[in-house]
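Visitor: Before I accept any label on this model, I would like to hear the reasoning behind it. Could you take me through the terms one by one?

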Amino acid sequence: MASTPAPNLAFFGELLVRLSPPDKMLLRSARSLDLAVGGAEANVAIGLASLGRATRMISRLPANPLGQMARSVLMGAGVDCAHVAEGEGRMGLYFLTPGAGLRASEVVYDRAGSVFARASADDFDWDAVLGGATHLFLSGITPALGPVSSALAIAAAKAARARGLSVIFDGNYRGLLWAAWDSDPRATLSELVGLADIMFGNHRDIALLLGTSFDNDGEERRRAASAALFAAFPNVQVLASTARHVAAADQHLLSARVETRHRVAQTDEIAVSGIVDRIGAGDAFAAGVLHGLLRSADDLDGAAKSGLALTALKHSLPGDASLFAQGDIDAFLSGEFDVRR
């Protein structure tokens, strides 16, 4: 009897440099900037690598010190970068003004014409970059970059399905990116979701896909949205989402939900206060849920709790990615909040 291969997760998307004013200053008054490496897909890869999972990044970086720095950050976190190619051109950037109190965080993109955004499907040897992988993770950010990137994301998902990989898609709707060109996000994202086995997204993502709205609130709205998604997209077998209520920039209420066509796991709501950095919290959630599902595909409750733990912990960590291990998740779920000595 053939053994099931160990999970090997491939992540396809753009690596970015994040620049932020220190001490929660406004960008327009800052005279220095803190630097971090980001990118939704890379964040999930780092989160899972920190949990001991085999992960690889598929991307393109500029052949300059910024590209080398981004590569070193991923490799230092345990992500395989053998399929991160180099090319001529620039690194994508984004500037984050961190929120404080009742002031929301704000993002300014500077990523047009980056090496990755200029890449096409012909730039990737899909047999090579996907060889040996069991899953492909991609998000709605890549197709939002422009028509070439939109076609590239669809080509990546189709290549994965043709080679028997499970496709994981995170909606990650970015209105500012879609609005920058003559785009049709509903059509593009619907094609990608149609190729996915697992989706991360909430009722707003589903409303966009289906061109409808869900008028109820809370549990009823989530149930109606998931039923509509499963009916419209027969390939999708798992849907995962968080519910977030923002009281202030550093005080949120969070809960997590993981469901299949026949079962639902919903966590209690928890308070997250003293937030250091919420960017990448959704990516940490995705890493936690996937880690839980890879441990036991039938344990939806465990996957939801793992996702909630990792997203809550990420709020305590500067930068874009979760760096927590299984022991950190276990301590969080057991309520160990005092100093561990």
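Visitor: Why is arginine 111 called buried?

Guide: The model is a predicted one, and in it arginine 111 has a relative accessible area of 7%. Buried means under 20%, so arginine 111, at 7%, is counted as buried.

Visitor: What makes the pairing of arginine 111 with glutamate 14 a salt bridge?

Guide: The closest N and O atoms of arginine 111 and glutamate 14 are 3.0 Å apart, and the limit for a salt bridge is 4 Å, so the pair qualifies. Glutamate 14 is likewise buried, its relative accessible area being 4%. In general, side chains of opposite charge can pair when their charged atoms come close.

Visitor: How do you know that this pair links distant parts of the chain?

Guide: Arginine 111 is in the loop between β7 (106–110) and α3 (126–130), while glutamate 14 is in the loop between β1 (8–12) and β2, and the two are 97 residues apart. The structure holds 11 salt bridges, and the one between arginine 111 and glutamate 14 is among them.

Visitor: Which residues does leucine 177 contact, leaving aside its neighbours within four places in sequence?

Guide: With those neighbours set aside, leucine 177 is in contact with Tyr109, Arg111, Ile141, Ala144 and Leu145. Leucine 177 belongs to helix α5 (residues 175–178), and its C-alpha atom is separated by 8.2 Å from that of tyrosine 109, a residue 68 places away along the chain.

Visitor: Why does leucine 177 count as buried or exposed?

Guide: Its relative accessibility is 9%, and the cut-off for buried is under 20%, so leucine 177 falls into the buried class.

Visitor: What makes glutamate 191 and lysine 158 a pair that ties parts together?

Guide: Their closest N and O atoms are 3.5 Å apart, which lies within the 4 Å allowed for a salt bridge. Glutamate 191 lies in helix α6 and lysine 158 in helix α4 (residues 147–162), so the salt bridge ties together parts that are 33 residues apart in sequence.

Visitor: Why are glutamate 191 and lysine 158 called partly exposed?

Guide: Glutamate 191 has 35% relative accessibility and lysine 158 has 44%. The partly exposed class lies between under 20%, which is buried, and over 50%, which is exposed, so glutamate 191 and lysine 158 are both placed in it.

Visitor: Where do lysine 305 and aspartate 301 lie?

Guide: Both are in helix α10 (residues 300–314), 4 residues apart, which is about one turn of the helix. Their side chains meet in a salt bridge of 3.2 Å, N to O, and at 39% for lysine 305 and 35% for aspartate 301, each counts as partly exposed. Elsewhere, Glu219, Arg223, Arg257 and Glu259 are joined into one network by salt bridges that share partners.

Visitor: Why is aspartate 197 called buried, and what joins its side chain to that of arginine 161?

Guide: Aspartate 197, in the loop between α6 and β10 (198–200), has a relative accessible area of 17%; the cut-off is under 20%, so aspartate 197 is classed as buried. A polar contact of 3.3 Å joins its side chain to that of arginine 161, and the limit for such a contact is 3.5 Å. Leaving aside neighbours within four places in sequence, aspartate 197 has contacts that include Arg161, Leu165, Asn235 and Val238.

Visitor: Which residues line the largest cavity?

Guide: Phe169, Gly171, Leu189, Val193, Met199, Asp205, Leu208 and Leu209 form the lining, of which 6 are nonpolar, 1 is polar and 1 is charged. The volume of this cavity is about 40 Å³, and the structure holds 1 cavity of 30 Å³ or more. Helix α7 gives the most to the lining, with 3 residues.

Visitor: How many residues line the second largest pocket, and which of them are the closest to its centre?

Guide: This pocket holds about 270 Å³ of space; it is lined by 14 residues, and Arg18, Ser20, Pro21, Asp34 and Pro98 are the closest to its centre. Two or more residues come from each of β2 (16–20) and β3 (34–38), and by class the lining has 7 nonpolar, 2 polar and 5 charged residues.

How values were computed
Residues numbered from 1 in each chain as written. Predicted model: local features only at pLDDT ≥ 70, side-chain atom pairs only at ≥ 80, totals over all residues. Heavy atoms only, no water. 1 Å grid on protein atoms, 1.4 Å probe; cavity = no way out; pocket = protein on both sides within 12 Å on 5 of 7 lines; lining within 4 Å. Points joined across faces, edges and corners; volume = space filled by probe spheres on them. Nonpolar A, V, L, I, M, F, W, Y, C, P; charged D, E, K, R; others polar. Buried < 20%, exposed > 50% of the residue type's maximum accessible area, 1.4 Å probe, protein only. Contact = heavy atoms within 4.5 Å. Polar contact = N/O pair within 3.5 Å; in protein donor to acceptor, adjacent residues only side chain to side chain.
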